[in-house]
Every structure is written in structure tokens, then in C-alpha cells.
Amino acid sequence: MSNSFFQKDIVSVRDFDKQKFETVFQATDKIIEMNQSERREIVRGKTLGYLFFEPSTRTRLSFEAAMASIGGTSLGIADASSSSAKKGESLADTVKIMSLYSDVLVLRHQLDGSSRFAAEISEKPLINAGSGTEEHPTQAILDLYTIRKEKKRIDGLKIGIIGDLKYGRTVYSLLYALSNYNVDVKLISPQSLKIRSDSTYEIRKKLQYTETSDLEENLDDLDVIYITRIQKERFADIEEYVKVRGSYKMDPELVKKLKDDAIIMHPLPRLDEISHEIDSAKQAKYFKQAQYGKDTRAALLALILNENGVA
């Protein structure tokens, strides 16, 4: 079977269908099952170039770890202030130069549309690692994979997405991804952080969801609890942030209300929306989710860089 990911950009999760997700999931399963020496031959000699114009821990490091785990190397910009962007170099020039040194690029940028623009400029395949408030497609892929691994299915689940639904790009990517499945979605947020209706026109055609501000009344019915932090950096007015800060907190008392086999997820980093006291709860899967992030990104890189995918 031909590999539809070979030498292709990953800019939006909207470009995926159920079959494409399944291709990545199967490749991820294969990589996890491989022994280390086998795995390290997959992209030996290939280089990943990363361009991070916004702070990141998990995404950047998981891409580097993913590339190393399949035999490749990484180089790039982890901090825009230490790059020529500080001198005024354009994003286009930075991307062009980096694509000369790399086989695949990973970009995170604060401007909406940045990844699509960069993909048109780059000589090499480009992966969107977060563009403004728009999307974070590889996060959605690892989120779906986490649900599939931990719940053994995606179809038929009741999923609650909680917190900052207005600015959270992980939320939009996850909703686009979930629109390929038969799921019951409940969006739980403060009134001022409801999902942006202008961004969900396409989602509404394929995915039915309900909206509420009450977390507790919905908890006992959910299979998946996906919590996001309220993003201080996205607020133009700090007073507006202060009003909604700490709106929801998953603590031991709330965990008691959950189904025994429910799972709690978070794209991380967390602030105070998940108590450290529940890290050892059997429903807490957010650190495992981060581990799956490395594995799914390794699979994506293998598919993009190898014509035969993960053989």
C-alpha cells in the first residue's frame, strides 16, 4: 500500500480522515513494538530542523526525542531571541535557510496562518507544531491515540473538553479530529471562554456538541475528561484573565465522581486546573499522554521521511 504521508506537510488536522489517523496509529503501534536497534534504522542519516518562536517544552523535546528514537538527528531554534529573527530576519528567510539544512521542518509560531505560509516557502516537508490560536495537529493525533490505547476505541465515547475553549488551539484540533468519529462531546467553559463560533462552522456539520459552564453535573457520565489551562498569554486584558483564572480544578473530591474507567487528559503544561494530589489516580493519563506524544511523532516523521513508512 502506498504511503500518502511521504514528503507531505502536516499543517492542519482537517486534512486527515479516519483512514489517515489509522495509518499513523498503526505505524505508532509498530514503532512501540520494535526493538531499539531496529527502530534506530528507520530514518538514520536524516535531520529534523525545528523553529520555535513561542516557548515549548513537551512539543519541541518530544520531536527531538522522537527523531532520536528512530535514528535521526535534530537542530534548530529553541528561542527566537537567540536567532537572526532578533535582527529582523523574516520568517520566510529563516524557513528557507533551515530547509537547506534539514530533511523535515517543525514550526511553532505565534501568528495565525504562519505554518501554511511557511509550508509554501519550505523546500522540505513542514509540520505545524502550533500556529497562533488556530491549530496544533500533532497534539490532536497524540490525543486520539491516547484515547484509542486507553479506552480501546474512540467511537461511542462521551468526551468532556474543559477550560479555555476560546484560545486553546489544542481544542480546535481535537474537535476537528473527533469530527471523524461517532462521539458525544460536551464543551465546559466559563461563558467568556466559550468556543469561537466563527471557527467551528465546519465542525458543526460533522460533530454535534453541547455547551455548559457546570463541570460537576456532567462528570459522572464522561468517559474522557480533557482539561486545558486558561492561557494568560492570550488575554489582551489581564483583568479578564483574573476573572476566569481557577474556574475549574480537578481534585480528589471530583475524581470520586468519575467513572472507574474514565481517563483524565491534559495537553500540558498545567497550572492549577489539575491537583498534584490526583497524579497517582488510576484515571490520570496525562503523563502517559505525553509519552504517546513522542511515539506518535516518531511515527509521523517515519511516514514523512520514508517512502515505505514503518516497514
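**Reading R229 and its surroundings**

Trainee: Why is R229 called buried?

Mentor: R229 has a relative accessibility of 18%. Buried means under 20%, so R229 counts as buried. Keep in mind that this is a predicted model.

Trainee: Where does R229 lie, and what does R229 touch?

Mentor: R229 sits in the loop between β8 and α10 (238-244). Apart from neighbours within four places in sequence, R229 is in contact with D164, H266, P269, L271 and E273.

Trainee: What makes R229 a residue to look up in UniProt?

Mentor: An unreviewed UniProt entry places the feature "binding site" at K87, R169 and R229. Such annotations may be inferred rather than shown by experiment.

Trainee: P269 is among the contacts of R229. Why is P269 called partly exposed?

Mentor: The relative accessibility of P269 is 37%. Partly exposed covers the range between under 20% and over 50%, so 37% puts P269 in that class. P269 lies in the loop between β9 and α12 (286-305). Leaving aside neighbours within four places in sequence, P269 is in contact with R58 and R229.

Trainee: Which residues does UniProt list together with P269 for "binding site"?

Mentor: The unreviewed entry lists R58, T59, R108, H136, Q139, L268 and P269.

Trainee: H136 is one of those. Is H136 buried or exposed, and how do you know?

Mentor: H136 has a relative accessible area of 3%. The limit for buried is under 20%, so H136 is buried. H136 is placed in the loop between β4 (126-131) and α6 (137-151).

Trainee: What does H136 contact, beyond four places in sequence?

Mentor: The contacts of H136 are T59, R108, A129, G130, R169, T170, S173 and R297. T59 and R108 appear in the UniProt list that holds H136, and R169 appears in the UniProt list that holds R229.

Trainee: How is K257 classed by exposure, and why?

Mentor: K257 has 40% relative accessibility, so K257 counts as partly exposed. K257 belongs to the loop between α11 (252-255) and β9 (263-265).

Trainee: How do you know which residues K257 touches?

Mentor: Contact means heavy atoms within 4.5 Å. Not counting residues up to four places away in sequence, K257 touches E216, L219 and D220. For E216, the separation from K257 is 41 residues in sequence and 8.2 Å in space, C-alpha to C-alpha.

Trainee: Now the strands. What makes β7 and β9 edge strands?

Mentor: The sheet in question is open, has 5 strands in the order β7-β6-β5-β8-β9, and pairs in parallel. β7 (209-212) and β9 each have a single partner strand, so one side of each is left without a neighbour in the sheet. The turn between neighbouring strands of this sheet averages 20°, direction ignored.

Trainee: How do you know that β6 and β7 are paired?

Mentor: Two strands pair if there are at least two bridges between them. Strand β6 (residues 184-188) and β7 have 4 bridges, in the parallel sense, and I188 stands opposite T212 in β7.

Trainee: Which helix lies across this sheet?

Mentor: α6 lies across β5 (158-162), β8 (224-227) and β9, and runs at about 165° to β9.

Trainee: Why are β2 and β4 said to stand at the edges?

Mentor: They belong to an open sheet of 4 strands, ordered β2-β1-β3-β4, with parallel pairing. β2 (73-77) and β4 have a single partner strand each, so one side of each has no neighbour in the sheet. From one strand to the next, the twist averages 15°.

Trainee: What joins β3 to β4, and which helix packs on this sheet?

Mentor: Strand β3 (residues 104-109) runs parallel to β4, joined by 4 bridges. L126 in β4 is the bridge partner of L105. α12 packs on the sheet and touches β1 (47-52), β3 and β4, with its direction at about 130° to that of β3.

Trainee: How many helices and strands are there, and why is the protein called as compact as a globular one?

Mentor: There are 12 helices and 9 strands. The radius of gyration is 19 Å, close to the 19 Å that the globule rule gives for 311 residues, so the protein is as compact as a globular protein of that length. Buried residues make up 57% of the 311.

Key
Residues are numbered from 1 along each chain as its sequence is written. This is a predicted model: local features need pLDDT of at least 70, side-chain atom pairs count only at pLDDT 80 or more; totals for chains, interfaces and linings use all residues. Side-chain values use heavy atoms; hydrogens and water are left out. Helices (H or I, at least four residues) and strands (E, at least two) are DSSP runs, numbered from the N terminus. Buried means under 20% relative accessible area, exposed over 50%, partly exposed in between (1.4 Å probe, protein chains only). Axes are lines fitted to C-alpha atoms, for helices over the stretch in contact, and angles run from 0 to 180 degrees between N-to-C directions. The radius of gyration is taken over C-alpha atoms; the globule rule is 2.2 Å times the number of residues to the power 0.38.
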